[in-house]
Amino acid sequence: MKSSTYLGMRHSICKSNVISPETMKLFSIEDRFIIIGRTENALFAFDNSCPHMGASLSKSDLRNGNVICYMHSFSYDVFTGKLNGIPEKWINQSSNWKKTGPLKIIPIFEKKGNVYVEF
């Protein structure tokens with residue numbers, strides 16, 4: 001169902017209680033893999049692909065509102081998508097190797113005990 005209030009198609013994901021605080025889970029919606037999680041009592045959603053080198057973020061850690069990619073430990077804010085850090089061990093790599101964009105954030109909301117995303 002389309003709505004002018006939202007950015008795209010709404011997709012019902014799960015019941016709200018499936019996403020526990022300080023966790024994230026992988027979901028597949030229309031051939032797209034997304035991470036949905038909760039931290040600081042707020043939901044977040046983003047594409048499963050790390051914007052640095054494409055690693056699966058479902059294998060990564062959630063720490064203090066950041067997803068830390070398991071492959072190279074680049075740290076991204078789960079609410080804004082902004083890169084928050086590159087580990088010291090990668091600082092001497094070429095600038096091309098360190099290039100990255102932000103996480104692709106997906107609009108998410110809860111309504112009547114259910115979680116929805118929109119794209």
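**Fold, hairpin and chain end of a predicted model**

Me: In this predicted model, over how many bridges do strand E2 and strand E3 pair, and in which sense?
Reply: Strand E2 covers residues 23-29 and strand E3 covers residues 32-39. The two strands pair in the antiparallel sense, and the number of bridges is seven.

Me: Which residue in E3 is the bridge partner of Ile-29?
Reply: The hairpin of E2 and E3 has two residues between the strands. Ile-29 belongs to the pairing across this hairpin, and its bridge partner in E3 is Arg-32.

Me: Which residue in the hairpin of E2 and E3 takes a positive phi, and is that residue buried or exposed?
Reply: The residue lies in the loop between E2 and E3. Its phi is about 50°, although the residue is not a glycine. Exposed means over 50% relative accessible area. Glu-30 has a relative accessibility of 60%, so the residue counts as exposed: Glu-30, exposed.

Me: What is the relative accessible area of Lys-112?
Reply: Lys-112 is placed in the loop between strand E9 (108-111) and E10. Its phi is near 50°, a positive value in a residue other than glycine. Lys-112 is exposed, and its relative accessible area is 78%.

Me: Which residues does Phe-119 touch, not counting those up to four places away in sequence?
Reply: Phe-119 is found in the segment after strand E10 (114-118). With a relative accessibility of 26%, Phe-119 counts as partly exposed. The residues that Phe-119 touches, leaving aside those up to four places away in sequence, are Gly-8, Met-9, His-11, Ile-29, Glu-30, Arg-32 and Ile-106.

Me: What distance separates the C-alpha atoms of Phe-119 and Ser-28?
Reply: Along the chain, Phe-119 and Ser-28 are 91 residues apart. In space, the separation of their C-alpha atoms is 13 Å.

Me: Why does the protein chain count as being as compact as a globular protein of its length?
Reply: The protein chain has one helix and ten strands, in the order β-β-β-β-β-β-β-β-α-β-β. For 119 residues the globule rule gives 14 Å, and the chain is as compact as a globular protein of that length because its radius of gyration is close to this value, at 15 Å.

Me: What share of the residues of the protein chain counts as buried?
Reply: The protein chain exposes about 6900 Å², of which carbon and sulfur atoms supply 49%. A residue is buried if its relative accessible area is under 20%. Of the 119 residues, the share that counts as buried is 45%.

Note on methods. Residues are numbered from 1 along each chain as its sequence is written. This is a predicted model: local features need pLDDT of at least 70, side-chain atom pairs count only at pLDDT 80 or more; totals for chains, interfaces and linings use all residues. Side-chain values use heavy atoms; hydrogens and water are left out. Two strands pair if DSSP finds at least two bridges between them. Helices (H or I, at least four residues) and strands (E, at least two) are DSSP runs, numbered from the N terminus. The radius of gyration is taken over C-alpha atoms; the globule rule is 2.2 Å times the number of residues to the power 0.38. Buried means under 20% relative accessible area, exposed over 50%, partly exposed in between (1.4 Å probe, protein chains only). Accessible areas come from the Shrake-Rupley method with a 1.4 Å probe; for residues, only the protein chains shown count as cover. Contact means heavy atoms within 4.5 Å.
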